[in-house]
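The briefing below goes through internal cavities, a surface patch, salt bridges and a few backbone details. Please read it with the sequence and the coordinates open.

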Amino acid sequence: MKGSVQNDLIEKYINKYSKVEFEFIISLLPYAKVSDVIKKNEKRFREYTKGFNLQKLSLKKLQEIYYKSIFKSQNDLLVKHTELIINEFLRNIDEHISKAIEPAEYVRQKVENNDMKCFKELTALLLDYKFDSKEKVLIYFKMIDYELSENQINYISHDLEHYIYQKRIEEDLKKKISESYEIKIQEVSKQYEKLILDKEDQIIALKQLMEESKGNYVKELSLKDSLIKEIEKNHIKILDRVEQEHRQDITKKDKLEISLEQLNTTSKEKNELINSLRDIVELKYDEYCEIANKRWIEDNDKLIVEKNAIQSSINTLMSEKGNLVYAINELETLKSSLEEMITSLEGTGSGFLHNMQNLIQTIGYKSESPMNQSRLHIIPSKAIEIDQEVTTDKSFFVDDLADNLRISGISNEYSNDLAQYIFASISSKMSLLLVGCNTRKVANALSSIINGANAEIIIIPVGYDDCNELILNVTISTSKVILIENAVDNISESIYLPLLKENTDHILLFSMESAEHISMIPKSLMNYMIVVDIDSLVNYEPNPGELIKSVIDPNLFNVKLEPVSIRTNLRHIKPIDRFIKLSQVAIIKLAEVMSSIDKQNTPNALYDIIMFSLNMLCKQSGKTNELLEFVEQQEFSPVLNNMLRAAIGDNNNNE
């Protein structure tokens, strides 16, 4: 039943309005209410809004979206919304009619009864209320489903058009007359202003002459009076000052005499105390000299004994060193003799090995030598044959990645910021070190958006040392995203560091099962990779759903950063080197990641760095209190500040 009503509305609009009429109706409606439904349902209107800023859609674009969605695509959501805001607009017009003429219900009854006087008042009101032509007036009667009588149609076609024309002429005349009158008034006022100013100048001159003649006599008298008064005042002041100074001198003299007596008394007491202390010191000095001399002799004897013991130990160690050097020389000699023996044995045994290989080839036995087999365990990417969407917009990429992260177990409150952080890190040419047991799901979430398939996984065994083989396997891989497990905490960084430096075609993700050994990672690795704490972001409740799959435009991660933005973020992040020892290169890379996040119009760059990376690093190095102090010095919003304090506070509680 609901679908039938909406179909009737669509049919009503198609039969009732032309494209021009419908677009005019959309222009009458409030912009906020017209655009709000499109902003809230962005994915549903993506085919019309792709490439446009939803916050700044033009009226022309909104008219196009509404017309195509209703008249072409028959969008039930937009039809229902349009009907609601048109009815609200008509109610506003009724209120306007009720205030200007009489209640709208009575006006409609009179118009239906062909009351031409009331009809003329209504059309005149509509002309002042956005319906400023006869065609637009006709649209209003269509909107209220009123069919005009023959007299009313004739009035609109002839008399109303003449009324509109006459009204425009009156407005133009009023404007021209008012402008001409204003010009004349200004000219007359300027003439009279000049005359008035001349007369005022003459009056001022006459007054000045009168005042000057009168003032000369008054000045002479006042000067004499003022001189006499000033002399009297000065005389009184001098007498008062002399008397006051005399009283002050007497007071100072009395105070000085009292102070002198007190000082004499104090001096006598101090002298007596000094004499008594001098006698005590002389007595104690003799006693302590004897005790100090005795202790010095005892300590000196102990030090001599310890020195002799240390010298004896040194002699013993030197003797043992000589024995060890002798043993090492003997072992070196033995090593050389063994190497010569092995060389001779290889020479005599080569013929035997050659004969055995010929025999094996003759009988047709084939075997792969374990020395030629790879020790790497590779789980290849599993591509799915579907028509995949090509993502060219950075905001759509971040939104889709956030959805995939939620499906992969990341909490809703962190998924969007984490997606921004991952995008910014990749844009800054940094690999990611994912820490936690959920790293494969995060890698697949990212690979599904970039490559339309799961990530390729390379598992490295303990003690692996073939750098060239690792680089070769990454180079020939067809997967854009590669997860490398057991590398950072199981093998030497010299094996995979060349891969970090040379890789340009793949997005490399490294993983660690636990942050337990994160503090042992060489600091030089932070120049090439960003640490991301996954375990602390995992949600307690799973989010069901299938991962979004797409492929990306190759230029999606090409983000041009402004040097000013990098310098600004460098100033913000630089204070962390007081409690986290990172190289200058690593700190600059963090500033670039922050600038890339800023480029996406989000204010959470520093929050992302602290929440996803610094929090874990400070926890492992015991610097959470310093991190809390750093957070308090920043100007985070109350919500972000509480989230950071809660996350860092949990770390303190766990410790």
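The largest cavity of this structure has a volume of about 90 Å³, and the model in which it is found is a predicted one. It is one of 2 cavities of 30 Å³ or more, and the points that follow begin with these two before turning to the surface, the charged pairs and the loops.

**Largest cavity**

- The lining of the largest cavity is made up of Tyr421, Met526, Met529, Ile530, Val531, Leu582, Ala586, Leu590, Ser613, Leu614 and Leu617.
- Three elements each supply at least two residues of the lining of the largest cavity, namely the strand β7 (529-533) and the helices α17 (584-599) and α18 (605-621).
- Sorted by class, the lining of the largest cavity comprises 10 nonpolar residues and 1 polar residue, with no charged residue in it.

**Second largest cavity**

- The second largest cavity encloses about 30 Å³ of space, and the residues that line it are Leu401, Leu405, Ile422, Leu432, Leu434, Val442, Leu446 and Leu509.
- Two or more residues of the lining of the second largest cavity come from each of α11 (394-407), β3 (431-435) and α13 (439-450).
- The lining of the second largest cavity holds 8 nonpolar residues, and neither polar nor charged residues take part in it.

**Nonpolar surface patch**

- On the surface, a nonpolar patch is formed by Tyr165, Ile169, Leu173, Ile177, Tyr181 and Ile185, which together have about 630 Å² of accessible area.
- One of these patch residues, Ile185, is located in helix α10 (residues 150-363), and Ile185 counts as exposed because its relative accessible area is 55%, where the cut-off for exposed is over 50%.

**Salt bridges**

- In total, the structure holds 16 salt bridges, among them the one in which the side chains of Lys33 and Glu88 meet, with a nitrogen-to-oxygen distance of 2.3 Å.
- The Lys33–Glu88 pair links distant parts of the chain, given that Lys33 lies in helix α3 (residues 31-40) and Glu88 in helix α6 (residues 76-100), 55 residues apart.
- Both partners of that pair are partly exposed, Lys33 with a relative accessibility of 33% and Glu88 with a relative accessible area of 28%.
- Asp94 and Arg108 form a further salt bridge, in which the closest N and O atoms are 3.1 Å apart; Asp94 belongs to helix α6 and Arg108 to helix α7 (residues 104-112), so this pair ties together parts that are 14 residues apart in sequence.
- The two partners of this bridge fall into separate accessibility classes, since Asp94 is buried with a relative accessible area of 19%, whereas Arg108 is partly exposed at 32%; the Asp94 value is under the 20% cut-off for buried.
- Within helix α17, Glu592 and Lys589 are 3 residues apart, and therefore about one helical turn separates them; their salt bridge has its closest N and O atoms 3.7 Å apart.
- Lys61, Glu64 and Lys68 are joined to one another in a network of salt bridges.

**Backbone and loops**

- Most residues other than glycine have a negative phi.
- Lys429, although it is not a glycine, has a positive phi of about 65 degrees; Lys429 sits in the loop between α12 (412-427) and β3, and with a relative accessibility of 62% it counts as exposed.
- Asn486 likewise is not a glycine and has a positive phi of about 65 degrees; the place of Asn486 is the loop between β5 (481-485) and α15 (493-502), and Asn486 is partly exposed, with a relative accessible area of 28%.
- Is Ile460, in the loop between β4 (456-459) and α14 (467-476), buried or exposed? With a relative accessibility of 2%, Ile460 counts as buried.
- Ile460 and Ile378 are 82 residues apart in sequence, while their C-alpha atoms are 8.8 Å apart in space.

Key:
Residues numbered from 1 in each chain as written. Predicted model: local features only at pLDDT ≥ 70, side-chain atom pairs only at ≥ 80, totals over all residues. Heavy atoms only, no water. 1 Å grid on protein atoms, 1.4 Å probe; cavity = no way out; pocket = protein on both sides within 12 Å on 5 of 7 lines; lining within 4 Å. Points joined across faces, edges and corners; volume = space filled by probe spheres on them. Helix = DSSP H or I, 4+ residues; strand = E, 2+ residues; numbered from the N terminus. Nonpolar A, V, L, I, M, F, W, Y, C, P; charged D, E, K, R; others polar. Patch = residues over 30% accessible without salt bridge, like charges linked within 9 Å, V, L, I, M, F, W, Y side chains within 5 Å. Areas by Shrake-Rupley, 256 points an atom, 1.4 Å probe, with all protein chains shown as cover. Salt bridge = Lys/Arg side-chain N within 4 Å of Asp/Glu carboxyl O. Buried < 20%, exposed > 50% of the residue type's maximum accessible area, 1.4 Å probe, protein only.
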